[in-house]
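Subject: Structure for your review

Dear colleague,

Please find the structure below, handed over for your files. My notes on what was found in it follow directly after.

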Amino acid sequence: MLVRWIRPLRFLVQGIATSDTPRQLALGLALGMAIGLVPKGNLTALVLSTILIATRVNLATGMLGVFVFSLLSGWTDPLANRLGHSLLSIGPLQPIYAYLFDLPLAAWTSLDNTVVFGSLVLGIWLFWPVYHFSYLGVEKARPWIGEQLQRYRVADVLDRSEFAARWRSQ
């Protein structure tokens with residue numbers, strides 16, 4: 001049980017301190033933001049999650065983005081509803097929407113739902129600003145965070161605690 005909480009923290013610390021580039025960390029957070037804003041339980045969220053897992057981004061920052069923006073998505077739902085309603089009710093696009101929503105997998109995407117469609121559009125629209133500002137933040141904060149992690153030996157403690165938690169569970 002404890003391993004489930006320690007492993008993502010260890011991946012985040014390792015990603016910040018050593019292996020992953022600021023680009024991978026920022027892309028993970030931006031993809032996590034897009035997943036977090038979209039309501040779950042549909043093919044759209046599943047496809048976005050598959051993209052997060054299948055691409056070469058930091059999974060820990062992606063999951064952090066999913067967690068944080070899932071908490072915030074309740075506050076963005078009214079905006080997403082208005083945005084989705086205005087985009088889905090554009091008159092000249094109605095035949096295109098009708099054709100797309102008649103396709104076999106389209107019903108599972110839930111893109112005919114105003115909140116899902118509006119959240120997806122909002123996530124796409126915010127993708128670049130979240131990526132850009134998190135890239136700048138990671139690039140500036142990474143040396144300081146690495147220094148703090150080495151000073152307090154956080155990575156060693158997380159490695160040892162995960163080992164201890166696995167050993168206890170066996």
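I begin with Ser-119. Not counting residues up to four places away in sequence, Ser-119 touches Leu-37, Val-38, Pro-39, Asp-77 and Ala-80, where contact means heavy atoms within 4.5 Å. Ser-119 is found in helix H7; helices (H or I, at least four residues) and strands (E, at least two) are DSSP runs, numbered from the N terminus. Ser-119 counts as buried because its relative accessible area is 1%; the classes are buried under 20% relative accessible area, exposed over 50% and partly exposed in between, with a 1.4 Å probe and protein chains only. Between the C-alpha atoms of Ser-119 and Pro-39 there are 7.7 Å in space, although 80 residues separate the two in sequence.

As to the basis of these notes, the model is predicted, and local features need pLDDT of at least 70, side-chain atom pairs count only at pLDDT 80 or more, and totals for chains, interfaces and linings use all residues. Residues are numbered from 1 along each chain as its sequence is written, and side-chain values use heavy atoms, with hydrogens and water left out.

The chain as a whole

The protein chain has eight helices and zero strands. Of its 170 residues, 37% count as buried. Among contacts in the protein chain with a separation of 6 or more, 82% are between residues 24 or more positions apart. The accessible surface comes to about 11,000 Å², and carbon and sulfur atoms hold 69% of that surface; these areas come from the Shrake-Rupley method with a 1.4 Å probe, and for residues only the protein chains shown count as cover.

Confidence is given as pLDDT, the predictor's confidence in each residue, from 0 to 100. The average for the protein chain is 85, and 76% of the residues score at least 70. Among the elements, helix H3 (residues 43-54) has the highest mean pLDDT, 95, and helix H8 (residues 154-169) the lowest, 56.

Helix H7 and the loop before it

A second serine of helix H7 (residues 114-152) is Ser-134. Ser-134 is buried because its relative accessible area is 13%. Its side chain reaches the backbone oxygen of Val-130 at 2.7 Å, and a polar atom of that side chain lies 3.1 Å from the backbone oxygen of Tyr-131. Leaving out residues up to four places away in sequence, Ser-134 touches Ala-26 and Leu-29.

Ser-110 is placed in the loop between helix H6 (106-109) and H7. The phi of Ser-110 is near 60 degrees, a positive value in a residue other than glycine. Most residues other than glycine have a negative phi.

Helix H2

H2 has 16 residues, of which 14 are buried. From its first C-alpha to its last, H2 reaches 23 Å, close to the 22 Å expected at 1.5 Å a residue; the expected span is 1.5 Å times one less than the number of residues.

Ile-35 lies in helix H2 (residues 22-37) and counts as buried because its relative accessibility is 3%. Leaving aside neighbours within four places in sequence, Ile-35 is in contact with Lys-40, Leu-48, Ser-49, Leu-52 and Val-66. Ile-35 and Ser-49 are 14 residues apart in sequence, with 6.7 Å between their C-alpha atoms.

Helix H4

Helix H4 (residues 59-88) spans only 33 Å between its end C-alpha atoms, whereas a straight helix of 30 residues would span 44 Å. H4 bends by about 55 degrees at Trp-75, and Pro-78 follows within four residues; the bend is the angle between axes fitted to the seven residues ending there and the seven starting there. The buried residues of H4 include Val-66, Trp-75's helix-mate Thr-76, and Ala-80. At the start of H4, a side-chain oxygen of Asn-58 reaches to within 3.0 Å of the backbone nitrogen of Ala-60.

With kind regards

Technical notes
Polar contact = N/O pair within 3.5 Å; in protein donor to acceptor, adjacent residues only side chain to side chain.
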